[in-house]
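Subject: A structure for you to explore

Hello,

Here is the structure I promised to pass on to you. Please open it beside this email and follow along as you read.

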Amino acid sequence: MSSLQARLNALTPARLGGIRRGIEKESLRALPEGGLALTPHPRALGSALTHPSITTDYSESQVELITSAHARVEDCLDELTQVHQFVYRVLREQGDEMLWVSSMPCGLPTDETIPLARYGSSNVGRAKSVYRMGLGHRYGRRMQTISGIHYNWSLPGVSSEQYFGLIRNFRRQAFLLLYLFGASPALCPTFVSGREHELQTLSDSALYMPHGTSLRMGRLGYQSDAQATLAVSYNSLEGYAASLHEALTRPYPAYETVGIRNPGGDYNQLSTTLLQIENEFYGTIRPKRTIFPGERPLHALRERGVEYVEVRLMDLDPFVPVGITAQTMRFLDVFLLQCLLADSPPDTPAEIAELKHNQHHTAARGREPGLTLRRAGGEQALTDWGREILAQCEPIAAALDAAHRSTDYSQAVAAAHALLADPTQTPSARVLQSMAACDNSFVRFVRERSQATRDTLLAQPWSFEQQARFLALSQKSVADQRAIEAADVLSFEAYREQYVSPDRLGLQLPAAAVLG
């Protein structure tokens with residue numbers, strides 16, 4: 001019996017039924033012709049600072065919709081659908097904006113015209129906006145307009161050490177998710193205006209990679225030369241925390257040149273360190289812990305360990321109303337369990353370099369016939385490695401089906417096998433096929449899909465009680481923001497200095513303890 005099978009056998013149906021998953025989904029607000037909406041976050045949606053389900057991400061134009069954690073996939077999707085329904089009703093009442101259903105952005109204005117998200121006059125609200133100003137200075141604003149789905153996942157009784165084993169295996173095998181679910185093989189030329197790129201011209205209104213899967217996760221996506229200097233290991237919580245601590249406290253010369261404030265006194269960024277805050281560290285998956293008000297995420301991890309993982313590489317699926325299907329969510333459950341249960345040796349600098357190569361390779365060329373990836377110093381066909389992973393997923397899917405008295409999980413793995421066998425059925429291939437029917441125009445294709453999605457969700461049943469509940473949430477969020485603003489006693493500069501202080505990051509272990 002394999003070690004994976006032995007660990008699977010030790011999981012009771014009750015524990016398998018204890019999986020919790022939640023979703024965070026970003027979408028740009030777009031105008032009917034396919035340009036970026038430059039209007040403020042609609043007041044009827046409530047406060048972006050305090051609303052539990054509706055906020056903004058980088059830009060004032062980028063809505064983020066959040067579910068709570070659910071034991072059932074259907075309940076999670078149902079909550080996500082209801083949040084969408086409310087948002088679309090507010091947008092309809094206020095004009096003709098819609099949510100852009102692609103991960104790659106709509107037509108963008110000049111970089112400095114993209115509006116930063118605003119969260120009011122409180123210190124915590126101002127800090128969120130200054131952080132985004134810093135991201136704009138460091139990476140440009142266009143890069144931040146990419147949207148995706150984050151999948152938050154936990155299993156009862158998993159230790160921090162086991163979660164880091166999951167994370168290492170996830171990073172090794174993430175290429176498979178990019179192949180199966182990547183849906184951004186093309187983009188609007190405005191996204192790369194003035195930038196070097198390797199994209200090919202599909203038409204006057206679209207650039208693409210013929211075999212691309214997820215340009216969002218490739219070299220044009222969330223990438224940073226500065227962060228490339230970080231050698232973050234996932235071999236232990238202590239080592240991971242030490243890497244982040246160093247990045248959060250080490251001044252970076254290029255950011256020192258930008259400075260905390262400009263000559264007029266306005267803030268350019270929160271700090272001049274390599275990372276302003278923990279969330280600036282880009283990754284395909286993150287260890288997470290719910291934080292207390294005002295607490296730094298790194299402190300929470302050090303004090304109380306990993307609570308769940310956040311999967312960050314999923315593209316929006318433009319062919320389904322809320323960007324993800326129940327079948328995709330079930331596959332993620334199986335995949336994450338496989339990452340948890342399989343042997344997970346320590347990572348090495350050489351392997352970390354291979355993984356970065358594989359991510360970029362799959363993002364740009366994942367559907368290319370015969371494509372090989374790097375593995376343990378050698379090369380292996382993507383499809384062969386993918387089939388090997390799926391073979392390990394099959395008994396896990398069967399165990400989940402037994403726990404849920406269904407065949408849904410096995411069907412999700414079978415669907416993945418079918419996509420490995422026929423890349424023309426992957427979302428990325430379907431995007432290009434659909435674009436061909438739209439004169440190979442990226443904006444026209446996504447605009448039509450966005451309009452169809454809006455119409456579908458607005459046509460679904462919506463009760464007076466649902467509307468009243470969401471309106472009450474919005475009103476309460478506005479009152480909560482005002483209370484936070486009224487309670488401030490520190491100047492913003494004093495608040496900023498306290499927040500970025502190394503003392504707030506938790507206990508820094510001696511180097512010997514980390515290395516040991």
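Let's begin with Ala 487, which counts as exposed because its relative accessibility is 56%. Please keep in mind that this is a predicted model. You will find Ala 487 in helix 15, which covers residues 464-487. If you would like to try out the distance tool, pick the C-alpha atoms of Ala 487 and Val 130: they are separated by 20 Å, while the two residues are 357 apart along the chain.

Next come the salt bridges. As general background, side chains of opposite charge can pair when their charged atoms come close. The count here is 27 salt bridges, and I picked out a few for you.

Glu 97 and Arg 29 form one of them, with their closest N and O atoms 2.7 Å apart. Glu 97 sits in the loop between helix 3 (73-94) and strand 4 (98-99), whereas Arg 29 belongs to strand 1 (residues 20-30), so this pair ties together parts that are 68 residues apart in sequence. Both Glu 97 and Arg 29 are buried.

Another salt bridge joins the side chains of Arg 216 and Asp 315, at 3.2 Å from N to O. Where do Arg 216 and Asp 315 lie? Arg 216 is in the loop between strand 8 (206-208) and helix 6 (237-249), and Asp 315 is in the loop between strand 10 (308-314) and helix 9 (326-341), so the pair ties together parts that are 99 residues apart in sequence. Here, too, Arg 216 is buried and so is Asp 315.

In a third example, the side chains of Arg 304 and Glu 295 meet in a salt bridge of 2.8 Å, N to O. Arg 304 is partly exposed, since its relative accessible area is 28%. Glu 295, on the other hand, counts as buried because its relative accessibility is 9%. There is also a network to look for: Arg 72, Glu 74, Asp 75, Arg 330 and Asp 408 are joined into one by salt bridges that share partners.

Now compare those pairs with Asp 401, a residue of helix 11 (residues 382-404). Is Asp 401 buried or exposed? Asp 401 is buried, yet it has no salt bridge. The nearest side chain of opposite charge is that of Arg 330, 6.7 Å away, and a salt bridge needs the nitrogen and the carboxyl oxygen to be within 4 Å. Leaving aside residues up to four places away in sequence, Asp 401 touches Ser 406, Thr 407, Asp 408, Tyr 409 and Ser 410.

Finally, have a look at the empty spaces inside. How many cavities of 30 Å³ or more are there? The count comes to three.

The largest cavity holds about 80 Å³ of space. Among the residues that line the largest cavity are Glu 198, Met 209, Arg 219 and His 360. By class, this lining has six nonpolar, two polar and two charged residues.

The second largest cavity has a volume of about 60 Å³. Its lining is made up of 14 residues, and Lys 25, Val 101, Val 320, Pro 321 and Gly 323 lie nearest the centre. Sorted by class, nine of the lining residues are nonpolar, three polar and two charged.

Enjoy exploring!

Best wishes

Methods
Residues numbered from 1 in each chain as written. Predicted model: local features only at pLDDT ≥ 70, side-chain atom pairs only at ≥ 80, totals over all residues. Heavy atoms only, no water. Helix = DSSP H or I, 4+ residues; strand = E, 2+ residues; numbered from the N terminus. Buried < 20%, exposed > 50% of the residue type's maximum accessible area, 1.4 Å probe, protein only. Lys, Arg positive; Asp, Glu negative; His and termini not counted. Contact = heavy atoms within 4.5 Å. 1 Å grid on protein atoms, 1.4 Å probe; cavity = no way out; pocket = protein on both sides within 12 Å on 5 of 7 lines; lining within 4 Å. Points joined across faces, edges and corners; volume = space filled by probe spheres on them. Nonpolar A, V, L, I, M, F, W, Y, C, P; charged D, E, K, R; others polar.
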